Amino acid sequence: MTTTPENPTIPPQDALTQALQEKARDNLWLHFTRHSGYFGPEPDPVPVIVRGEGHRIFDSNGRSYIDGLAGLFVVQAGHGREELAEAAARQARELAYFPLWSYATPPAIELAERLAHYAPGDLNRVFFTTGGGEAVESAWKLAKQYWKLSGKPLKTKVISRSIAYHGTTQGALSITGIPGLKQMFEPLVPGAFRVPNTNIYRAADDLRGDPKQFGRWAADRIAEAIEFEGPDTVAAVFLEPVQNAGGCFPPPPGYFERVREICDQYDVLLVSDETICAFGRVGGMFACSEMGYVPDIITCAKGMTSGYSPIGAMIASDRLFEPFKDGANYFPHGYTFGGHPVSSAVALANLDLFENEGLLENVRTNGPVFRATLERLLDLPIVGDVRGEGFFYGIELVKDKNTRTTFDEDESERLLRGFLSKALFEAGLYCRADDRGDPVIQLSPPLTLGPADFDEIEGILRGVLTEAWNQL
Ligand SMILES: Cc1ncc(COP(=O)(O)O)c(C=O)c1O
């Protein structure tokens, strides 16, 4: 065993890891993370991820894990893609940075054209940001300004769904429907209202057996909220194609058709927040096309570059851009790094990979196999529901399958935070155990996976969930 001069008992790799973990504990502020576990008499080490290859990630101890969440719903094409690293380097050498403030760059132009090409209907106008929350923020601001310029200045309010996550900036957080994430920052931007989501597993008894009827009911809650607030005051409805928070709620049949109808009836903009669902996550380049509706705005980010560089976008219809062609009108809004040339170049290379490697086709072909593999877990007493689309699934955990009884706060804390997240990671699967709604495990791997990988994921989940049940 080789050792370091400072500490003759610790091998150099371990010493390096330990040093990194100490620096992380002392200086790094992790996002959405309780830091208490990293201090105290028996502190947990901060996991340090150093490398990725395909759908596997490696920690500083050299252990490898399946990346069951594509980082954070991001790494569609997998880790370690030379083409994407090369595209970034090439663009950085050519022109590392220039803003989109009255000037344009070739990669941003090409990417805007490409996104407009993929987007449905007349969604042809691309406003770049650096991420999803900024795209949501931009969409609300655009909606407000569009209605002002269109002679309907009272239309400022927005509607979104219970437990939906739309970002953390004050506007996007207002739209977010998770009370626990908001309370510390209230008062937030006024004018955001919530309607029920499409969690059919928890629907009323008379609706649960009839998805179409449930879809109609859920969509009509949007009409009701618009009526309650006054149609003249409502600017937009923000919906994800498949809602992430709460554990992957797909739209019931007919839901978006009815939502589109309602938005048209009340002259309210429909924003499809595809921060997660775009770029193949549920099969199409944009999920709205896959699900048969045309929104007025798409917000997207994450998978656009497979995470090799950050970028986001708000894609608006021609109609919304129309008033901005006139006189002194302009959108007084922007970001220094929005549409960064390096990120735009990487996005173009990433979209080439999608086409050359048939990533969308892989999701369309293997999505049902992934679902069927995860559904095998329904034989476990702790697994209440498996739901989702494409390469995006939530597994809801319950205390009693027959009654659908969920865990109380204390059990959920012990199960998710105390046991599951760590046990899954230790068993070689990085994924997410989430209790922003009812407790769920979420899976959203790179889009390159196939049946053998699904089996491996199912095997790990089966072992850990069996152990979790035994510990209850
Ligand atoms: C639907 C949705 N909207 C917005 C966001 C915020 O995106 P970002 O973290 O890039 O700001 C997320 C992030 O997960 C999201 O899932």
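What is the make-up, by class, of the shell around the ligand? In this predicted model, the shell has eight polar, four nonpolar and two charged residues.

## Ligand surroundings

The ligand is surrounded by 14 residues, of which Gly131, Gly132, Gly133, Gly167 and Thr275 come nearest. Among the elements of the chain, helix α5, residues 132-149, gives the most to this shell, with three residues.

## Strand β9 and its partners

Strand β9, residues 297-300, is covered on both faces. Ile297 and Thr299 are buried on one side, and Ile298 and Cys300 are buried on the other. This arrangement can be read against a general rule: in a regular strand the side chains alternate between the two faces of the sheet.

Two pairings involving β9 can be described. With strand β8, residues 269-273, β9 pairs in the parallel sense over three bridges; here Thr299 of β9 is the bridge partner of Asp273. With strand β10, residues 312-317, β9 runs antiparallel, and four bridges join the two. In that pairing, Ile298 stands opposite Ile315 of β10.

## Helix α4

Helix α4 comprises residues 106-118. Its 13 residues should span 18 Å at 1.5 Å a residue, the expected span being 1.5 Å times one less than the number of residues. The end C-alpha atoms of α4 are 19 Å apart, which agrees with that expectation.

The buried residues of α4 are Pro107, Ala108, Leu111, Ala112 and Leu115. Because they cover an arc of only 130° around the axis, they lie on the same side of the helix. The general geometry is relevant here: an α-helix has 3.6 residues a turn, so residues three or four places apart point the same way. Glu113 and His117, on the other side of α4, are exposed. The buried residues of α4 pack against two helices, α3 (82-94) and α13 (341-357), and against two strands, β4 (123-129) and β10.

## The four-stranded open sheet

An open sheet of four strands follows the order β1-β2-β3-β13, and its pairing is mixed. Strands β1 (49-53) and β13 (429-430) stand at the edges with a single partner strand each, so one side of each is left without a neighbour in the sheet.

The pairing of β13 with strand β3, residues 64-67, is parallel and consists of two bridges. Within this pairing, Ile66 has Leu429 of β13 as its bridge partner.

## Backbone features in loops

A cis peptide bond joins Glu186 and Pro187, with omega at about 5°. Pro187 is placed in the loop between α7 (179-182) and β6 (192-195).

Which value of phi does Ile163 have? Although Ile163 is not a glycine, its phi is positive, at about 70°. Ile163 belongs to the loop between β5 (157-161) and α6 (170-175). Because 22 other C-beta atoms lie within 10 Å, Ile163 is buried, the cut-off for burial being 20 or more.

Asp267 also has a positive phi, near 55°, in a residue other than glycine. Asp267 is located in the loop between α10 (255-266) and β8. Is Asp267 buried, exposed or partly exposed? With 15 C-beta neighbours inside 10 Å, Asp267 counts as partly exposed, since that category lies between the limits of 12 or fewer for exposed residues and 20 or more for buried ones.

How values were computed: Residues numbered from 1 in each chain as written. Predicted model: local features only at pLDDT ≥ 70, side-chain atom pairs only at ≥ 80, totals over all residues. Near = placed C-beta within 6 Å. Nonpolar A, V, L, I, M, F, W, Y, C, P; charged D, E, K, R; others polar. Pairing = 2+ DSSP bridges. Arc of directions from axis to C-beta. Contact = placed C-beta atoms within 7 Å.
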